[in-house]
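Colleague: Please pick one part of this model and walk me through it slowly. I'd like to see how it sits among its neighbours, and then how it fits into the whole chain.

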Amino acid sequence: QVQLVDSGGGLVQPGGSLRLSCLASGSIFRTMGWYRQNLGKARELVAHVTSSGTNYADSVKGRFSISRDKNTVYLRMNTLKPEDTAVYYCYVESTFGGKYWGQGTQVTVSS
């Protein structure tokens, strides 16, 4: 049974930083990453990491950095902007098939 536990969200001022973490268990994961979603909007891919490397949404390039240590994926977010406010969802893709989601963590960027 695949389980994900994500954490690290909170309230931060514009220009500030946060680091999100997600611990996955129950399988071998070929892809780990993060989506985000605001009310009334579609879920947006923020970043992911695979054996081939990393990929970022254009809106976060140069500000966010994704990394992986075994079955934990991190998202370091720098120079945060109000438009980064969203619920951030960790996700993984298992080597054996299937895509799984964390419960989501709220990030609010506001002065």
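Modeller: A quick bit of vocabulary to begin with: two strands are said to pair if DSSP finds at least two bridges between them. Keep in mind, too, that what you see is a predicted model.

Let's zoom in on strand β9, which covers residues 86–94. Seven of its nine residues are buried, so most of the strand is covered. Now look at who it pairs with. Strand β4, residues 29–37, runs antiparallel to β9, and eight bridges join the two. To find your place in that pairing, look for Gly33, whose bridge partner in β9 is Tyr91. β9 also pairs with strand β11, residues 105–109, again in the antiparallel sense, this time over three bridges. There you can match Val87 with its bridge partner Gln106 in β11.

Next comes strand β10, residues 99–101, which is antiparallel to β9 and linked to it by three bridges. Tyr91 turns up again in this pairing, standing opposite Trp101 in β10. β9 and β10 make a hairpin, with four residues between them. In that turn, Gly97 has a positive phi of about 105°.

While you're there, stop at Tyr100, which is in β10. Is Tyr100 buried or partly exposed? Tyr100 has a relative accessible area of 29%, so it counts as partly exposed. Leaving out neighbours within four places in sequence, its contacts include Cys90, Tyr91, Val92 and Ser94. Tyr100 also touches Val2 and Leu4. The Val2 contact is a nice one to trace by eye: Val2 and Tyr100 are 98 residues apart in sequence, yet their C-alpha atoms are 7.3 Å apart in space.

For another pairing story, move to strand β8, residues 72–77. Five of its six residues are buried, so the rest of the structure largely encloses this strand. On one pairing, strand β7 (residues 64–69) runs antiparallel to β8, with six bridges between them. Phe64 stands opposite Met77 there. These two strands form a hairpin as well, with two residues between them, and Lys70 in the turn has a positive phi of about 55°. β8 also pairs with β3 in the antiparallel sense, over six bridges; Leu20 has Leu75 in β8 as its bridge partner.

Strand β3 spans residues 18–25 and holds Ser21. Ser21 is buried because its relative accessible area is 19%, and the cut-off is under 20%. Not counting residues up to four places away in sequence, Ser21 touches Val5, Asp6, Ser7, Trp34, Val73 and Tyr74.

Here's a general tip for looking along any of these: in a regular strand the side chains alternate between the two faces of the sheet.

Now zoom out. The chain has zero helices and 11 strands. Of its 111 residues, 43% count as buried. Among contacts between residues at least 6 apart in sequence, 55% join residues at least 24 apart. The radius of gyration is 13 Å, which agrees with the value near 13 Å for a compact globule of 111 residues. Along the principal axes, the C-alpha atoms fill a box of roughly 45 × 25 × 20 Å. Lastly, there are 12 positive and 7 negative side chains, and the centres of those two sets lie 3 Å apart.

How values were computed
Residues are numbered from 1 along each chain as its sequence is written. This is a predicted model: local features need pLDDT of at least 70, side-chain atom pairs count only at pLDDT 80 or more; totals for chains, interfaces and linings use all residues. Side-chain values use heavy atoms; hydrogens and water are left out. The radius of gyration is taken over C-alpha atoms; the globule rule is 2.2 Å times the number of residues to the power 0.38. Buried means under 20% relative accessible area, exposed over 50%, partly exposed in between (1.4 Å probe, protein chains only). Contact means heavy atoms within 4.5 Å. Lys and Arg count as positive and Asp and Glu as negative; His and the chain ends are not counted. The place of a charge is taken as NZ of Lys, CZ of Arg, CG of Asp or CD of Glu.
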